[in-house]
Amino acid sequence: NTLGDQDDIRAIFGQLVDTLKDLTGWSGSVAAGASDGLRLLKVARVDEELVAVRQTLGSSQFDQAQARELAVIKGLRALLEKLEETQGLISSDREAAIKMVQEMMKKQEKLREQTRQSEMTEQQREKLVQQQTQLQEDLGQLAQGLEKFPNTQPLLEQAKQASLEATRELFEDDKNDAVKQQSQVLGNLA
């Protein structure tokens with residue numbers, strides 16, 4: 001039944017629009033992509049064209065129905081392109097976040113090795129405290145960069161806390177506990 005199929009298509013389209021509206025409440029590139037997608041559907045008048053397809057099919061105006069169906073397809077293709085573009089942005093955001101975490105891990109590994117090999121002279125200890133403090137500040141900046149990935153926040157908070165403890169242990173000249181805390185930072189970032 002062609003009219004019944006058309007009604008099903010319109011219902012599915014309504015669900016798609018509702019989902020896009022929900023996504024606009026998210027943050028970052030997902031929300032922007034959903035907003036752009038809704039604008040594309042509005043500009044392409046996909047909803048109006050779907051209504052018109054149903055009406056022209058109902059009155060046996062098949063050539064007009066076909067032309068309107070092509071307009072619907074064109075609008076949906078534009079939406080698909082936008083969603084694929086957004087997916088690429090999300091993927092690139094994720095890759096950038098992974099790269100930031102890897103860089104932070106390299107810094108902490110290097111600092112942990114320096115701590116292990118240090119004789120903890122006053123000058124060495126001050127330098128290590130300074131570097132660990134800088135790493136802790138970098139972790140704070142990393143947290144901002146990872147806001148789009150809320151599941152990372154608890155581990156990042158634990159890494160920041162371990163970094164703070166490592167700084168305290170270095171300041172108190174406790175090399176072994178500082179190395180343990182530095183390892184904890186690495187474990188939380190991994």
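1. D47 is partly exposed, at a relative accessible area of 32%. Its salt-bridge partner is R10, with the closest N and O atoms 3.1 Å apart. The two residues belong to distant parts of the chain: R10 to helix α1 (residues 2-23) and D47 to helix α3 (residues 46-58), 37 residues apart. R10 is also partly exposed, at 35% relative accessibility. Please read this contact, and those that follow, as features of a predicted model.

2. Confidence comes next. The mean pLDDT of the protein is 86, and 98% of the residues score at least 70. Among the elements, α3 has the highest mean, 89, and α4 the lowest, 84. D47 lies in α3, so the R10 pair has one end in the element with the highest mean pLDDT. As a general caution, predicted coordinates should not be read in detail where pLDDT is low.

3. How many salt bridges does a search of the whole structure find? The count is 14. Side chains of opposite charge can pair when their charged atoms come close. One of these bridges joins K107 and D138, whose closest N and O atoms are 3.1 Å apart. K107 is in helix α4 and D138 in helix α5, so this bridge ties together parts that are 31 residues apart in sequence. The two ends differ in burial: K107 is partly exposed at 45% relative accessibility, whereas D138 is buried at 11%. The cut-off for buried is under 20%, which D138 meets.

4. Another bridge is local. K180 pairs with D177, and their closest N and O atoms are 3.9 Å apart. The cut-off for a salt bridge is 4 Å, so a distance of 3.9 Å qualifies this pair. Both residues sit in helix α7, 3 residues apart, or about one turn of the helix. K180 is exposed, with a relative accessible area of 57%. D177 is partly exposed, at 27%. Elsewhere, D36, R39, K82 and E85 form one network through salt bridges that share partners.

5. E169 deserves a look alongside D177. E169 lies in helix α6. Is this residue buried or exposed? E169 is buried, with a relative accessible area of 8%. Beyond neighbours within four places in sequence, E169 contacts D174, D177, A178 and Q181. D177 thus appears twice: as a contact of E169 and as the salt-bridge partner of K180.

6. The largest nonpolar core has 16 residues. Which of them touch the most other members? They are L139, L142, L146, L156, V185 and L189. Four helices each supply at least two residues of this core: α4 (62-117), α5 (122-145), α6 (153-171) and α7 (175-189). L142 shows the packing in detail. Leaving out neighbours within four places in sequence, L142 is in contact with M100, V101, M104, L156 and L189. Another core lies apart from this one, with 9 residues, including V17, A34, L41 and L50.

7. Aromatic contacts can be dealt with quickly. The count of aromatic pairs is 0. There is, however, a charge over a ring: the charged end of R125 sits over the ring of F171, 5.9 Å from its centre. The distance limit for such a contact is 6 Å, so the value of 5.9 Å for R125 and F171 falls within it.

8. Two backbone angles should be checked. Most residues other than glycine have a negative phi. M120 has a positive phi, near 60 degrees, and is not a glycine. M120 is in the loop between α4 and α5. At 11% relative accessibility, M120 is buried. D173 is the other case, with a positive phi of about 65 degrees in a residue that is not a glycine. D173 is in the loop between α6 and α7. D173 is partly exposed, at 40% relative accessibility.

9. Last, the end of the chain. Where is A190 placed? A190 is in the segment after α7. A190 is exposed, at 71% relative accessibility. From A190 to G37 the C-alpha distance is 35 Å, and the two are 153 residues apart in sequence.

How values were computed. Residues numbered from 1 in each chain as written. Predicted model: local features only at pLDDT ≥ 70, side-chain atom pairs only at ≥ 80, totals over all residues. Heavy atoms only, no water. Phe/Tyr/Trp six-rings, centres within 6.5 Å; stacked < 30°, edge-to-face > 60°. Lys NZ or Arg CZ within 6 Å of the ring centre and 35° of its normal. Core = buried A, V, L, I, M, F, W, Y, C linked by side-chain atoms within 4.5 Å. Buried < 20%, exposed > 50% of the residue type's maximum accessible area, 1.4 Å probe, protein only. Contact = heavy atoms within 4.5 Å. Salt bridge = Lys/Arg side-chain N within 4 Å of Asp/Glu carboxyl O. pLDDT = per-residue confidence, 0-100.
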